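Dear colleague,

I am handing over the structure we spoke of, and below it you will find my notes on what was found. Please read them with the model open beside you.

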Amino acid sequence: MEGYLSSGPQKADKDAENQKNKQEHPRTRIETDAIHVGQEPERWPGQAVVPPISMATTFKQLEPGKPVLYEYSRCGNPTRQCLEECLASVEKARYALTFASGLGATTTLMFMLKSGDHILSIDDVYGGTGRLFRRCMAQMGVESSFIDMSTDASTVVKHLKPTTRLVWIETPTNPLLKLADIEQIATAVHKHDPKIMVLVDNTFATAYFQNPLKLGADLVLHSLTKYMNGHSDVVMGCLMMNNEEYYKQLSFLQYAIGAVPSPFDCYLVNRGIKTLAVRMKQHMANGLRVATYLEQHKHVERVIYPPLESHPQHDLYKKQMSGFSGMISIYLKGDEVEKNLIESRYVLLLSLLFAMIILLIYMFLLRYLAQWIIWLSLILCIVVFALAASFCFVARIRMEKYSTNNNALFDLDEMNITLNMNNFDINNTDAKISAVEKFDTAMNLLDEFVPMSVIWLVIGIICCIVCAILMICTCCLCERIRLAAALIEEASKAICYALTILIWPIITFILNIGFVILGILVLAHYSTLGRPIYQISCTQDFGQSCRKESLRSYVLSNETRQINIHSIPKSCLDYHEGDSCNLDEFTQLNCTIDRIQCVYVSYGFVDETFQHYLNSIWSHRFAQFLSEHSWLVNIFNIFMIYWLIAFTIALEQMILACTFVSYYWQLNQLNQKCCHNYIHKCLCFQGVLLTFRYHLGTIAFGSSIIAIIDTLRTLIDLIKDRMEAMNIDNYGKCCLKLIKGSLNCIRCCFQFFSRYTYIMTAVSGKWFCSSAFTATKLLLENCLRVFILDRVCAILLYIGRITITIGSCVFTAYMLDNIGLNITLHFSWFPVLIIGISVYISSAIFLNVYATATSTLFFCVLYDLEVRNDSQQISNRLREIIDKSNDFRKKKFEIIDEQSTNDRTQSRF
């Protein structure tokens, strides 16, 4: 179908004159052509100005085989012909062919190639095009290579092969907006071999800003879905050309393949292209304004937009383009995060120092004002929840009032919206706009929160309940809270006497990270032993022959071939879904054409590699057993990782417990014998010595139980994943969830009791089981005291952790914003975030020592009261704690009365 501008020989001179006029005034005719070409009213019986939609699939023939104009809608359609003629005139082409999509046009063009041909494409090509070349055309034997064409035409010529039949240029590219010199590349390629087709994907530039055919290209591709249609309601593509031979071949392929658009879609594109010139002018104006703004933005590293002078190919843009669309690519300053950390390193160090000072002040206050801090914290919590409940109820009342009076005027003062009219200048347009925007924002937020009135009510009720619970607990558990305060004060003194003990949490943290990394490396090493296992996968609907369950079972290896049943498959039809396969044998059969693949599954011990590896470590029989049951090795590795982590944590708990037990029982003796002014070193040394000399077996036993539970949890997760992959019913999944939940409860309970077991081991010097029995007995006898003490300490320490973190973040933000350090930060929040995370983790590590000290001293008190006999006297530490709390006075008096009775009995004898 010949284009409008070359419809007859009489128009040759006129066409040349038109082309000359368009060169002088390049934008005086495209608007007119887009409206009139191919849409002459004289073509229709009714003289319609807008071409009608012809939905007919077949057309009347005067006699068989001799249609008047159109035969079948796939071969030709009046509406499609109008669009193709219009597109040809807009692109300054002789011919145009439309297709159902841009990739449909590309696929049709690929049928002009044959197996063995080569495509040379620009590297930054549209993703769909690259996927078609790499994954689809490769299966048809068409080779493709991708190079950077934005440098020089000689680079393109160097990569041309004797089999190259198509050079694919996309300029500007998607998404990096690279430009390629169309005229230079086309001239060089045609000089090298005139038979090579040069195609330009002109989607981003459109025919309004760039005409590749005038620059020497053979073919032009458009995805009409984008700018050419401009309304996002059609998927369509087109190919345009001046070469009549290419047009005839592609016309036949369009008819033979049938990737043609519908008449209605052609009508929509024909309608949309009429506004192409207006839209593209505005696109460029908007794009240039946005690109200029982004170029000055502090978070943007680089803006890629050809009209900008900063674009590396701006000169080429001015040479072959008259403008550009609204496509903009930017590079964010992601690497500025590292620069921000380096530039603000002194502020970060100062903030960390400030956090340490706050932590020391907090520890000092806990030593002398723990009781006041606890009571103040409880009162503040009650006040905060009471105020939150009041705010929620007031907000709900306002929301209800607003929802019932939608048409009424609102009181801005009641809605807490303030407009300062004194500083409001009527003549200041910016001020008026700003005030109106603020008011509109407030109204929009109000509209959004109106449906949430029920949520405000629920939150208010919850705050009231929490406030009531706190008040009741504070009144009923007053003595227990006083006891917690006394113990926390004593724990603060103990930590001050043994400051070097604070090093152990840091050591534990570092060791745990190292064990996790070691475990990952070990699992990766064992997982890659042996050789990769491949299996057959029917990727598409190959048929029932491939989908049937395999009747054979064979294993292929690169070194040895062991056939258990049947023989090696001699054709692709011999494979079934799930069969083991050898990649080399499968490649030789070329079964990918038959839509089945030999895919990688996992590493497995299909040969003697793993057995030889184990023979160097274990005995032959054991090595053979493990090679046959390789999953046991992975389970053992997982168990060892969990055991090492649990052992490190238990070791820290035991060292802390032994240190604080030594403080409670032997502080006076240690001070007199060996410590003098270095008592903190002596206490810490004795805790480490007792742990490594007497209690390693206890720690190993407790860690083993924790590791077994964690291993079982991991195995259950693996089984659950496998069941989901096998589409097992929900009953089995529910059972696994119940088992995992039970294991989680058991682990939490055992972890809680093991902590007190280690403390009792440090107190009594007994083994794990005996200490666990004694600790459980004491916990059951004093369950309320233990629970209140544990929760009060946890809340107090958590409040301290949050306070220190917030204070450090505020200090860092103040330093970065208000002090003139000449630091330019693109992400000012990131240093604050780093400080917040670091301080939170550090304070959690150090304040965890307080929790252990409090629990240890509390168990020392319980044990001191439990094992007292006639010959013992009340220890100094017990007397100090009892004097500060009324909770143990009754038991103290019972002990004293019992001692007095024993003294009288002994005096009688």
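**Salt bridges**

Asp148 and Lys178 are joined through their side chains by a salt bridge, with an N to O distance of 3.8 Å. This pair links distant parts of the chain, since Asp148 belongs to the loop between β5 and α6 (153–158) and Lys178 to the loop between β6 and α7 (182–192), 30 residues apart. Asp148 counts as partly exposed because its relative accessibility is 27%. Please bear in mind throughout that this is a predicted model.

Over the whole structure, the search finds 15 salt bridges. One of them is formed by Glu85 and Arg43, whose closest N and O atoms are 2.7 Å apart. Glu85 lies in helix α3 while Arg43 is in the loop between α2 (30–36) and β1 (61–63), so this salt bridge ties together parts that are 42 residues apart in sequence. The two partners are not covered alike: Glu85 is buried, with a relative accessible area of 8%, whereas Arg43 is partly exposed, at 31%. Glu40 also comes into the picture, as Glu40, Arg43 and Glu85 are linked in a network of salt bridges.

**Helix α3**

The helix that holds Glu85 deserves a description of its own. Helix α3 runs over residues 78–90, which makes 13 residues, and it reaches 19 Å from its first C-alpha to its last, close to the 18 Å expected at 1.5 Å a residue. The helix is mostly covered, with 13 of its 13 residues buried.

Within α3 there is a further salt bridge, in which the side chains of Arg80 and Glu84 meet at 3.7 Å, N to O. Both residues lie in this helix, four residues apart, which is about one turn. An α-helix has 3.6 residues a turn, so residues three or four places apart point the same way. Arg80 and Glu84 are both buried.

As for the two ends, a side-chain oxygen of Asn77 reaches to within 2.9 Å of the backbone nitrogen of Thr79 at the start of α3, and just after the helix Lys92 takes a positive phi of about 60°.

**Buried positions elsewhere**

In helix α5 (residues 127–136), the buried residues are Gly128, Thr129, Gly130, Leu132 and Phe133. These buried residues pack against one helix and several strands, namely α4 (102–110), β4 (118–122), β5 (143–147) and β6 (164–170).

Thr761 has its place in helix α26 (residues 730–764). Thr761 counts as buried because its relative accessibility is 0%. Leaving aside residues up to four places away in sequence, Thr761 touches Met654, His695, Thr698, Lys766, Trp767 and Ser771.

**A nonpolar patch on the surface**

Which residues form the nonpolar patch on the surface? They are Ile506, Phe509, Ile510, Ile513, Ile517, Leu521, Tyr798, Leu833, Ile837, Tyr840 and Ile841, with about 990 Å² of accessible area together. The elements that give two or more residues to the patch are α18 (503–527) and α29 (829–866), and α18 gives the most, with six residues. Tyr798, another member of the patch, is found in helix α28 (residues 783–818). With a relative accessible area of 43%, Tyr798 is partly exposed.

With kind regards

Methods:
Residues are numbered from 1 along each chain as its sequence is written. This is a predicted model: local features need pLDDT of at least 70, side-chain atom pairs count only at pLDDT 80 or more; totals for chains, interfaces and linings use all residues. Side-chain values use heavy atoms; hydrogens and water are left out. The expected span of a helix is 1.5 Å times one less than its number of residues. Buried means under 20% relative accessible area, exposed over 50%, partly exposed in between (1.4 Å probe, protein chains only). A polar contact is a pair of N or O atoms within 3.5 Å; within protein, one must be able to donate a hydrogen and the other to accept it, and residues adjacent in sequence count only if both atoms are side-chain atoms. Patches are made of residues with over 30% relative accessible area and no salt bridge: like charges are joined within 9 Å, nonpolar side chains (Val, Leu, Ile, Met, Phe, Trp, Tyr) within 5 Å. Accessible areas come from the Shrake-Rupley method with a 1.4 Å probe; for residues, only the protein chains shown count as cover. A salt bridge is a side-chain nitrogen of Lys or Arg within 4 Å of a carboxyl oxygen of Asp or Glu. Contact means heavy atoms within 4.5 Å.
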